[in-house]
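The following exercises are to be worked through with the sequence and the structure at hand. Each task is followed by a solution in steps.

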Amino acid sequence: MTTPLLEVEDLNVWFELPSGGELHAVRGISFELEAGERFGLVGESGCGKTTAMLSIMGLLPPNATVAGEVRLDGENILARGEETVSPHRWNDIAMVFQGAMNAFNPVKTVGSQIEEPMELHGIAEGRIARRQAEELLERVGIPKDRADRFPHEFSGGMRQRAAIAMALACEPRILLADEPTTALDVMVQAQILELLVSLAADFNLALLLVTHDLPIVAQVCDRAAVMYAGEVAESASIDALFHTPKHPYTRLLFAATPDLRAGGERVASIPGAPPRLDKPIVGCPFQPRCDRAFAPCPTETPLLKTVGERHVAACHLNDHVREPATA
Amino acid sequence: MSTNGSHSLLEVEDLVARYPVGRGVVGAVTRQPKLEVRAVDGVSFSLDRGEMLALVGESGCGKTSTAQSVLRLIETSGGSIRFDGQEISGLSTKELRPLRRRMQIVYQDPYESLDPRFRVGATIEEPLEVHKVGSRQERREAVKAALELAGLTPAELYIDRYPHELSGGQRQRVAIAATLVLGPELLVADEPVSMLDVSVRAGILSILDELRDKGLAVLMITHDLSTAAHYADRIAVMYLGRIVEEGPTREVIENPQHPYTRALLSVVPKRDPRERGTPQILRGETPNSIHIPPWCRFQPRCPMAIADCKTVDPELRRPAASTHPEHRAACIRV
Amino acid sequence: MSASIQGGAAAATEGVDVSASRRPRSIRQIALREPTAIAGLAIIAFFVLVALLEPILVTGDPKAKVGPIFEPPSATYPLGLDGGGANMVDLLMAGARVSLLVGFCAALVSAFIGGTVGLLAGFYGGKVDVTLMRMTDYVIVIPDIPLMIVAAALFGRSLTNIIIIIGIIYWTTTARLIRAQVLSVRERVYVKRARALGAGNGRLIFKHILPQVAPLLVANTVLLVAYAIFAETFITFLGLGDPSVISWGRLIENAFNDDAILNDAWWAIIPPGLCVTLVVLGATLFGQSLEDALNPRLRVGHLSVRRFKVRPLRGKLDAE
């Protein structure tokens with residue numbers, strides 16, 4: 001079995017709170033990403049998905065503490081914090097941010113901002129960088145004469161494309177996308193998603209898509225992990241998540257998502273709210289809101305367990321399932 | 001159109017709302033024509049009591065401007081707005097005041113729509129104070145009733161809280177309660193759940209659903225077709241300031257006729273990964289609403305456009321393939 | 001079970017939003033947390049206390065001659081005597097009263113004018129805004145010190161006049177600041193919502209906009225105190241102050257007129273100047289830290305060079 005391109009193991013992130021105390025935002029999550037795979041990290045606000053993604057690139061604020069491993073080609077890039085992770089930024093792992101306006105410097109041209117990482121990482125400079133930047137722009141669907149324009153002259157969709165071009169400047173192997181289409185219209189969203197899928201195929205990129213929007217993940221990703229309260233509740237192929245979920249949160253989350261097709265069916269809401277992350281959590285974090293909670297749930301923390309082919313879930317309802325012998 | 005022959009609660013006809021846009025010094029000096037954004041460019045629809053109409057479309061289509069024009073929150077340049085039979089498009093602020101009790105709006109951002117310095121009780125009581133309704137005791141009762149209608153029970157638990165102590169979903173419920181306290185007949189909901197988590201949305205929408213069942217007329221603005229498909233009785237799809245297709249929800253969703261509606265529906269992601277389908281992705285983005293051609297405004301991006309499409313500005317009429325008499329689309333090819 | 005009851009059960013158990021960033025910080029919170037605010041407030045409090053206690057601490061007329069002129073500091077008179085033989089300490093305390101009074105009152109006048117102009121311009125916009133802002137621009141352009149000198153010379157040198165003169169010069173920055181704030185608050189959704197339910201302009205201004213703008217106005221007023229005290233000192237030093245009252249400016253003026261420097265009597269000049277400096281410093285520290293805390297755009301925490309920390313995993317968290 002080949003080593004996965006990216007392995008996240010037991011990732012934990014704590015934030016110091018100004019009032020003293022700590023917020024345990026990411027509580028020991030693990031997942032893997034193969035080359036060329038499209039993986040979704042799904043969850044609602046506060047579940048820790050964005051923090052987890054930022055940890056992979058080491059883009060955490062000074063009040064954050066990280067534990068666990070993020071292995072790129074088997075090597076733990078978080079071993080010594082900034083020192084070990086920064087060499088991989090942009091040339092191995094790159095990121096597309098939500099609301100591309102935030103990603104651009106408003107006083108520099110878009111073209112120069114795509115060339116900048118190339119020059120910083122010593123990949124190309126001057127006219128060669130310029131030409132590569134123009135090619136990237138064309139590849140993402142922006143005419144290359146726009147390279148000399150400023151970010152504010154671009155529409156929302158174009159800026160997001162430019163942000164993708166900027167992310168690809170150093171030919172990374174992994175692309176992290178944080179809510180890449182949230183602020184965009186549905187037609188532009190379709191264009192961007194189509195672009196991401198074709199880029200992943202052409203450049204054999206691994207794509208990690210972080211979003212709260214389940215249908216996007218259903219359409220674009222092969223596999224996904226559903227996060228809740230800083231933990232992975234379930235991780236499987238996207239087909240299994242929808243058709244054979246093994247965690248009530250996954251099932252309820254899908255049920256709470258309206259769909260064009262399922263007209264008459266009632267859309268359900270999930271009562272309650274996620275637990276506070278600045279206090280220790282006893283038992284299953286989803287238990288207070290779960291419609292199938294039973295005896296062990298309030299007191300025993302469910303562990304992530306294999307329940308099928310590359311399918312894991314952390315729920316006591318699966319306790320009876322015997323785990324296959326580890327390979 | 002109303003079922004019993006008398007007027008609908010809300011009747012909008014040929015509504016127009018335009019904003020001037022600066023030409024700049026050079027433009028003014030060279031006498032370029034004054035530019036306008038034609039946000040609402042001839043919109044007509046009606047809404048009955050106990051009915052939910054969803055205005056859907058992408059950004060810039062004019063749905064929010066239409067809703068705000070209907071409530072006279074922005075100025076209109078033409079057309080008629082009749083609320084309960086009365087023409088309100090020309091009324092002054094003072095004349096509109098009593099009408100404000102009967103038509104209310106819920107905004108998109110639950111984190112910004114409540115004054116952070118007002119307790120929940122004060123926010124909900126404010127409409128009663130403004131319109132000088134009821135005694136103090138009666139107001140307290142009305143506030144409690146409104147909170148409970150909005151699903152915040154027991155009301156006593158919430159009355160003295162500040163907005164920052166509440167979650168997004170709770171704040172939106174407070175905003176809804178603040179509209180209900182005056183007993184409106186028309187409620188405009190502008191993207192009421194788009195800033196809330198998915199698991200919380202159905203709770204809010206079900207309140208609107210129930211209110212509709214009790215006879216409230218709801219005009220819902222949303223870009224999310226899936227939400228509209230689940231809750232609205234009728235859908236009107238807007239593009240560049242016009243309604244391009246409208247009709248009963250099931251009819252529009254299952255039998256879309258206008259090419260824009262068809263494309264839009266095909267790119268909405270579905271929950272089921274097995275339903276990936278073939279999205280019809282239009283190229284480019286919605287043009288700005290300053291330079292709208294006198295012919296079909298969708299023609300530049302339309303996959304079905306023919307030569308004739310550049311000669312006429314289509315009106316809403318029943319398409320040949322529609323299966324419902326109230327289904328309309330503005331396209332010469334259907 | 002009807003959906004609203006279900007919804008009710010749902011809402012009741014919904015958690016609380018922990019986003020502290022949205023909570024408005026009150027002035028009190030800022031004053032008690034930020035070190036610069038505490039320092040500034042302490043300095044001002046000290047002088048205010050002195051000014052308030054002056055009638056008790058000073059017996060008799062502070063200007064009374066109690067010894068030879070320009071006597072150096074001694075045990076009895078820690079800051080010596082001035083050019084008229086009066087106790088410097090007594091004079092300083094009396095001066096504190098006047099200087100602080102003028103400072104606060106003039107700052108209030110400025111704050112009132114500036115706040116009103118800013119509020120009206122920001123809220124009504126259009127022609128009102130243009131007119132008021134143009135007027136503001138004209139006032140800004142006028143050089144403040146010469147105007148004060150001319151006004152003082154023309155209208156007489158009473159304390160009230162001084163307060164008014166200072167007050168009508170320094171309101172312009174406040175006006176602009178408040179106008180900007182009002183413009184932003186006016187666009188907030190809750191203001192639009194209040195308007196949509198039929199609230200009149202009066203209610204919008206006094207119940208929704210003003211409370212939001214007030215903290216910034218207070219912060220700005222504190223800064224105005226600094227300007228006003230300095231202005232009073234300056235005018236009085238030039239000989240245009242009220243001749244019947246003692247202020248720190250008067251003390252400095254007297255010291256110069258009595259040739260304190262020639263007599264090496266540093267205790268006659270430096271202490272009043274130091275007092276003015278300290279109060280101005282205190283007001284600036286306090287006011288500035290309030291303004292910084294109230295204006296979120298001035299935060300620069302993200303420019304820190306500190307990095308995130310890595311913690312070794314404390315053993316495996318759960319047994320496999």
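**Exercise 1.** Locate D84(B) in chain B, and determine whether D84(B) is buried, partly exposed or exposed.

*Solution.* D84(B) sits in the loop that runs between β4 (78-83) and β5 (86-87) of chain B. The model is a predicted one, and the burial classes follow from counting C-beta atoms. A residue is buried with 20 or more other C-beta atoms within 10 Å, exposed with 12 or fewer, and partly exposed in between. D84(B) has 16 other C-beta atoms within 10 Å, so D84(B) is partly exposed. As for the backbone, phi of D84(B) is positive, about 50 degrees, although the residue is not a glycine. Most residues other than glycine have a negative phi.

**Exercise 2.** Apply the same reasoning to A229(A) and A307(B): is each of them buried or exposed?

*Solution.* Begin with A229(A), which is located in the loop between β9 (223-228) and β10 (231-237) of chain A. There are 22 C-beta neighbours inside 10 Å, and therefore A229(A) counts as buried. Phi of A229(A) is near 50 degrees, a positive value in a residue other than glycine.

Turn next to A307(B), in the loop between α11 (259-267) and β11 (328-329) of chain B. With 6 other C-beta atoms within 10 Å, A307(B) is exposed. A307(B) and V26(B) are separated by 281 residues in sequence, and their C-alpha atoms are 36 Å apart in space.

**Exercise 3.** Describe the overall form of chain B, and find where its peptide bond from T153(B) to P154(B) lies.

*Solution.* Chain B contains 11 helices and 11 strands. Its radius of gyration is 21 Å, close to the 20 Å that the globule rule gives for 334 residues, so chain B is as compact as a globular protein of that length. Along the principal axes, the C-alpha atoms of chain B fill a box of roughly 70 × 60 × 45 Å. Of the 334 residues, 52% count as buried. The peptide bond from T153(B) to P154(B) is cis, with omega near -5 degrees. P154(B) belongs to the loop between α5 (136-149) and α6 (156-159) of chain B.

**Exercise 4.** State how many residues each chain brings to the contact of chains A and B, and which element of chain A gives the largest share.

*Solution.* Chain A brings 34 residues and chain B 33 residues. On the side of chain A, the elements giving two or more residues are α6 (186-202), α7 (214-220), α8 (238-243) and α9 (248-255). The largest share comes from α6(A), with 6 residues. Sorted by class, this side of chain A has 19 nonpolar, 9 polar and 6 charged residues.

**Exercise 5.** Identify the helix that gives the most to the largest nonpolar core, and describe how α4(C) packs against α5(C).

*Solution.* The largest nonpolar core has 292 residues, and L208(A), A177(B) and A228(C) have the most contacts inside it. Helix α4 (residues 88-124) of chain C gives the most to this core, with 19 residues. Beyond its neighbours within four places in sequence, A228(C) has contacts that include V102(C), A106(C) and Y170(C).

For the packing, α4(C) and helix α5 (residues 126-141) of chain C meet at an angle of about 145 degrees, with their axes 7 Å apart. The crossing is left-handed. Residues in this contact include L120(C) of α4(C) and L132(C) of α5(C). By class, the contact has 7 nonpolar, 2 polar and 1 charged residues.

Methods
Residues are numbered from 1 along each chain as its sequence is written. Chains are lettered from A and ligands numbered from 1 in the order in which they are written. This is a predicted model: local features need pLDDT of at least 70, side-chain atom pairs count only at pLDDT 80 or more; totals for chains, interfaces and linings use all residues. Helices (H or I, at least four residues) and strands (E, at least two) are DSSP runs, numbered from the N terminus. The radius of gyration is taken over C-alpha atoms; the globule rule is 2.2 Å times the number of residues to the power 0.38. A nonpolar core is a set of buried Ala, Val, Leu, Ile, Met, Phe, Trp, Tyr and Cys residues joined through C-beta atoms within 7 Å. Two residues are in contact if their C-beta atoms, placed from the backbone, lie within 7 Å. Ala, Val, Leu, Ile, Met, Phe, Trp, Tyr, Cys and Pro count as nonpolar, Asp, Glu, Lys and Arg as charged, and the others, Gly among them, as polar. Axes are lines fitted to C-alpha atoms, for helices over the stretch in contact, and angles run from 0 to 180 degrees between N-to-C directions. A crossing is left-handed if the near helix is turned anticlockwise from the far one by less than a right angle, and right-handed if clockwise.
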